[in-house]
Structures are given as structure tokens and as C-alpha cells.
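This report goes through one protein chain, looking at its charged pairs, its strands and one of its helices. Please keep the sequence and the model in view while reading.

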Amino acid sequence: MQHEDADHRPPTADRDAANGQPPTAHSYADPVSEDQVRMALRKVKDPDLNLNVVDLGLVYAIAVDEGKVNVDMSLTSPGCPSGPEIMADVERMAKSVPGVTEVAVNLVWSPLWTPERIEPRVRAYMGL
């Protein structure tokens with residue numbers, strides 16, 4: 001019976017071909033993209049309007065640096081009673097994207113949100 005030396009084994013799915021070590025989560029993962037985060041945030045709805053925060057225009061910017069995500073967002077008004085819930089949901093959904101390691105949700109008030117920020121197709125559906 002022949003005995004294969006560990007250094008001469010062919011790479012397998014459970015080993016990283018470059019160094020013969022078990023793969024890390026980063027070995028086969030694609031980098032996180034802004035579009036992936038944006039798609040995840042479409043699952044977050046404003047409970048009063050029952051529309052997602054992306055289509056509502058509440059998400060102003062998404063920045064991705066490897067696994068770190070920064071989301072600049074606003075609310076429909078400074079006194080929005082659902083604000084903490086919406087922001088927590090944004091953080092939770094951004095963290096659910098594979099490869100995301102950190103999320104910072106920044107509440108911004110400049111520029112102030114107006115209905116003109118709503119996605120045009122949604123605005124038309126709403127009759128605005």
C-alpha cells in the first residue's frame with residue numbers, strides 16, 4: 001500500500017490549494033458589495049408606511065470596506081416613533097450579508113428627507 005506524503009496531496013475542497021491549510025471563511029468568500037447590502041436593506045420596512053427603506057429614499061449612502069459597512073440614513077421626520085426600530089433592523093439586515101463583520105448606522109438629517117426622495121416608480125404607485 002502506498003503512503004502519500006501530506007505535502008504532496010492534491011488540493012481538495014476542504015484544503016486551501018495555496019498553503020495546504022484548511023480554508024478560512026475568507027478563502028472562498030467574495031468581497032461584500034454595496035449592492036448586496038442594498039438588497040438586504042430592501043427587507044427593512046418603515047412600519048407606518050409599509051415600504052422598504054431603500055425605496056423610501058431613507059438610505060442616503062452605503063460604504064463597504066472589506067467586511068465593514070457604513071450606512072448613512074435618515075428618517076421621514078426627526079420625531080419618527082419607529083426610528084429606533086428601523087435603525088436596529090437596518091443594522092441587523094446589513095449584518096446578515098455574508099462577509100459583513102461590522103456595521104455602523106449613521107443617522108443624518110442633511111439633507112432632510114422629503115417625499116421626492118422616494119423611488120419614482122413607488123412614488124407613482126402612491127399617486128405622488
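The text below describes salt bridges, then a surface patch, then a helix and the strands. The model is a predicted one.

**Salt bridges**

The count of salt bridges comes to five. Among them are the three in this table.

| Pair | Closest N to O distance |
|---|---|
| Arg-42 and Asp-55 | 2.5 Å |
| Arg-121 and Asp-55 | 3.4 Å |
| Glu-91 and Lys-95 | 3.0 Å |

Arg-42 and Asp-55 form a salt bridge. This pair links distant parts of the chain, 13 residues apart: Arg-42 sits in the loop between helix 2 (34–41) and strand 1 (45–46), and Asp-55 in the loop between strand 2 (51–52) and strand 3 (59–65). Asp-55 also forms a salt bridge with Arg-121. That pair, too, links distant parts of the chain, with Arg-121 in helix 4 (residues 120–126) and Asp-55 in the loop between strand 2 and strand 3, 66 residues apart. Together, Arg-42, Asp-55 and Arg-121 are linked in a network of salt bridges.

How buried or exposed is each member of this network? Asp-55 has a relative accessible area of 8%, so Asp-55 is buried, because buried means under 20%. Arg-42, at 26%, counts as partly exposed. Arg-121 is exposed, with a relative accessibility of 53%, since the cut-off for exposed is over 50%.

The salt bridge between Glu-91 and Lys-95 is placed within one element. Both residues lie in helix 3 (residues 83–95), four residues apart, which is about one turn of the helix. Glu-91 is partly exposed at 28% relative accessible area, and Lys-95 is partly exposed at 44%.

**A nonpolar patch**

Leu-107, Trp-109 and Leu-112 make a nonpolar patch of about 270 Å² on the surface. Trp-109 is found in the loop between strand 5 (102–107) and helix 4. With a relative accessible area of 31%, Trp-109 is partly exposed.

**Helix 2**

Which residues of helix 2 are buried? They are Val-37, Ala-40 and Leu-41. Seen down the axis of helix 2, these buried residues fall within an arc of 100°, so they line one face of the helix. They pack against strand 3, strand 4 (68–73) and helix 3. On the face of helix 2 turned away from the buried side are the exposed residues Asp-35 and Met-39.

**Strands 3, 4 and 5**

Strand 4 pairs with strand 3 and with strand 5, and the two pairings can be taken in turn. Strand 3 and strand 4 run antiparallel and are joined by six bridges. One bridge is between Asp-65 and its partner in strand 4, Lys-68. The two strands form a hairpin with two residues between them, and Glu-66 in the turn has a positive phi of about 55°.

Strand 4 and strand 5 run parallel, again with six bridges between them. Here Asn-70 stands opposite Ala-104 in strand 5.

Strand 4 has two faces. Val-69, Val-71 and Met-73 make up the covered face, while Lys-68, Asn-70 and Asp-72 are on the uncovered one. In a regular strand the side chains alternate between the two faces of the sheet.

Definitions and conventions. Residues numbered from 1 in each chain as written. Predicted model: local features only at pLDDT ≥ 70, side-chain atom pairs only at ≥ 80, totals over all residues. Heavy atoms only, no water. Salt bridge = Lys/Arg side-chain N within 4 Å of Asp/Glu carboxyl O. Buried < 20%, exposed > 50% of the residue type's maximum accessible area, 1.4 Å probe, protein only. Patch = residues over 30% accessible without salt bridge, like charges linked within 9 Å, V, L, I, M, F, W, Y side chains within 5 Å. Areas by Shrake-Rupley, 256 points an atom, 1.4 Å probe, with all protein chains shown as cover. Arc of directions from axis to C-beta. Contact = heavy atoms within 4.5 Å. Pairing = 2+ DSSP bridges.
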